[in-house]
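Trainee: Could you take me closely through the interior of this protein, and then show me how the parts around it are held together? I should like to follow it contact by contact.

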Amino acid sequence: MHLGKTYKVSEFIAWTRRQIYLLLAVGTVPVLLYQVLGLRWLTIPLTVVGLLGTATSFIVGFKNVQTYNRTVEAQHLWTSILNTSRFWGASVGGFLRNPIEARELVDRHVAWLTCLRHELRSARPWETMEKASNVEYRDVYRIPERETPIDDELRKHLSNSEHAQIREAKLNRKATQVLWLQSRALRRLHDQGDLSLTMYIELNKLQKEFIDQQGRAERLKNYPYPRQYAIINTLFVWAFCVLLPFGLLKEFDKLNDGISGLMQGCMVWLVIPFSATISWMYTSLEQVGESTENPFEGSANDVPITLIARTIEREMKEFIGETDLPVLPVPVHEIIL
């Protein structure tokens, strides 16, 4: 998540510069064919291009709205996890008199958060972190889940036997396994008489909420923006970008009638910068939508799940009276995850 007021224009241009280079090349080819080789018939009515541009605008706008909604849903989800976890910590601290048992329940919950955020940060084929425009920014900010192995983090929160059990599970099963261990622990405390039936039922209700929240997070992670809409968006955008210079050739050629001096007969060359600028607006919107599509992949605009998880850990340990609290991550170049 970017914490600054806004991205700099220079940063945005640098991020989209590969598209700019390609659009300049796309605009240059029709001009060379028209002006240098004399293929004056090689034009398209601007009205046709305008109709395509209108259709493309609707499609790009639809995608951006849907991808933005995915990010907003992810933000709401992790806010819900934060609030429910606070209630879990307050309940555990209030229900259990034995501080060791309370700490075990809190640590196991932190282990669940750790497994969940590592699962959400794992790569999927449709995500965009491997694209050149995103790879070059990996050193600009930190992705904690890619710096510390999950087993090293779980070792801090689970007993040796529980850690060995979770370590053997696949990454996409670890969080569920931790919730299962938590349920067994609650049942054991109830059987021992450390939890009354009312307390046991209340904590199990919270467990169900955590299961629901995990499922919603996994749905956002494992089910991308529909691929049929993604490909039609890309096809329409680039069809418009390729055809736009052909539609502008005659329009700029007409300007030669009222021009004298150095630019006389050369106005067609302005098709290159103008077509690239117009097309860049469309490709930039597509790139922004693409970067917003997967809110957990680790891009600079993702939901800061590591920060939220560490905040939960600090607050829950405060509830049970601990003083050795984890340090919250700090922004790097105004970006925090």
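**The nonpolar core and its surroundings**

Mentor: Let us begin with one residue of this predicted model: Ile81 touches Trp112, Leu113, Leu116, Gln213 and Ile312, once residues up to four places away in sequence are set aside. Ile81 is also among the residues with the most contacts inside the largest nonpolar core, a group that further includes Trp78, Trp88, Val92, Leu105, Trp112 and Phe296. This core has 44 residues. Two or more residues each come from H3, helix H4 (99-121), helix H6 (150-154), helix H8 (171-192), H9 and H12. Of these elements, H4 gives the most, namely ten residues. Apart from this core lies another, of 21 residues, including Phe240, Leu249, Ile272 and Ala276. As general background, nonpolar side chains in soluble globular proteins tend to be buried together.

The charged side chains come next. Side chains of opposite charge can pair when their charged atoms come close. In this model the count is 19 salt bridges. One of them joins Arg86 to Glu315, with the closest N and O atoms 2.6 Å apart. This pair links distant parts of the chain, for Arg86 lies in helix H3 (residues 46-95) and Glu315 in helix H12 (residues 305-319), 229 residues apart. Arg86 has a relative accessibility of 32% and therefore counts as partly exposed.

Another pair lies within one helix: Glu202 and Lys205 belong to helix H9 (residues 197-222) and are three residues apart, about one turn of the helix. Their closest N and O atoms are 3.8 Å apart in the salt bridge. Glu202, at 30% relative accessibility, is partly exposed, and Lys205, at 48%, is partly exposed as well.

Asp152 and Arg155 also meet through their side chains in a salt bridge, at 3.2 Å from N to O. Asp152 is partly exposed at 37% relative accessibility, and Arg155 is partly exposed at 44%. Beyond such pairs, a network of salt bridges links Arg117, Arg121, Glu145, Glu153, Asp302 and Arg310.

Arg310 leads on to the segment after H12. Pro326 is found in that segment, and Arg310 is one of the residues in contact with Pro326, along with Glu313, Arg314 and Lys317, when neighbours within four places in sequence are left aside. The C-alpha atoms of Pro326 and Arg314 are 6.1 Å apart, although the two residues are twelve residues apart in sequence. Is Pro326 buried or exposed? Its relative accessible area is 16%, and buried means under 20%, so Pro326 is buried.

Two further residues of the segment after H12 deserve attention for their backbone. Most residues other than glycine have a negative phi. His333, which is not a glycine, has a positive phi of about 55°, and its place is in the segment after H12. Glu334, also found in that segment, has a positive phi near 65°. The accessibility classes are as follows: His333 is exposed, with a relative accessible area of 59%, whereas Glu334 is partly exposed at 45%.

A helix pair comes next. Two packed helices are described by the angle between their axes and the distance between the axes. The axes of helix H7 (residues 160-167) and H8 come within 9 Å and cross at roughly 145°. This crossing is right-handed. On the H7 side the contact is made by Glu162, Gln165, Ile166 and Arg167, and on the H8 side by Lys174, Gln177, Val178, Trp180 and Leu181. By class, the contact of H7 with H8 has four nonpolar, two polar and three charged residues. H8, it will be recalled, is also among the elements that give two or more residues to the largest core.

The last stop is a loop. Ile44 is found between helix H2 (17-36) and H3. Setting aside neighbours within four places in sequence, Ile44 is in contact with Val49, Leu243, Phe246 and Gly247. The C-alpha atoms of Ile44 and Leu244 are separated by 8.5 Å, while the two residues are 200 residues apart along the chain. Ile44 has a relative accessible area of 24% and is therefore partly exposed.

Methods: Residues are numbered from 1 along each chain as its sequence is written. This is a predicted model: local features need pLDDT of at least 70, side-chain atom pairs count only at pLDDT 80 or more; totals for chains, interfaces and linings use all residues. Side-chain values use heavy atoms; hydrogens and water are left out. A salt bridge is a side-chain nitrogen of Lys or Arg within 4 Å of a carboxyl oxygen of Asp or Glu. Helices (H or I, at least four residues) and strands (E, at least two) are DSSP runs, numbered from the N terminus. Buried means under 20% relative accessible area, exposed over 50%, partly exposed in between (1.4 Å probe, protein chains only). A nonpolar core is a set of buried Ala, Val, Leu, Ile, Met, Phe, Trp, Tyr and Cys residues joined through side-chain atoms within 4.5 Å. Contact means heavy atoms within 4.5 Å. Axes are lines fitted to C-alpha atoms, for helices over the stretch in contact, and angles run from 0 to 180 degrees between N-to-C directions. A crossing is left-handed if the near helix is turned anticlockwise from the far one by less than a right angle, and right-handed if clockwise. Ala, Val, Leu, Ile, Met, Phe, Trp, Tyr, Cys and Pro count as nonpolar, Asp, Glu, Lys and Arg as charged, and the others, Gly among them, as polar.
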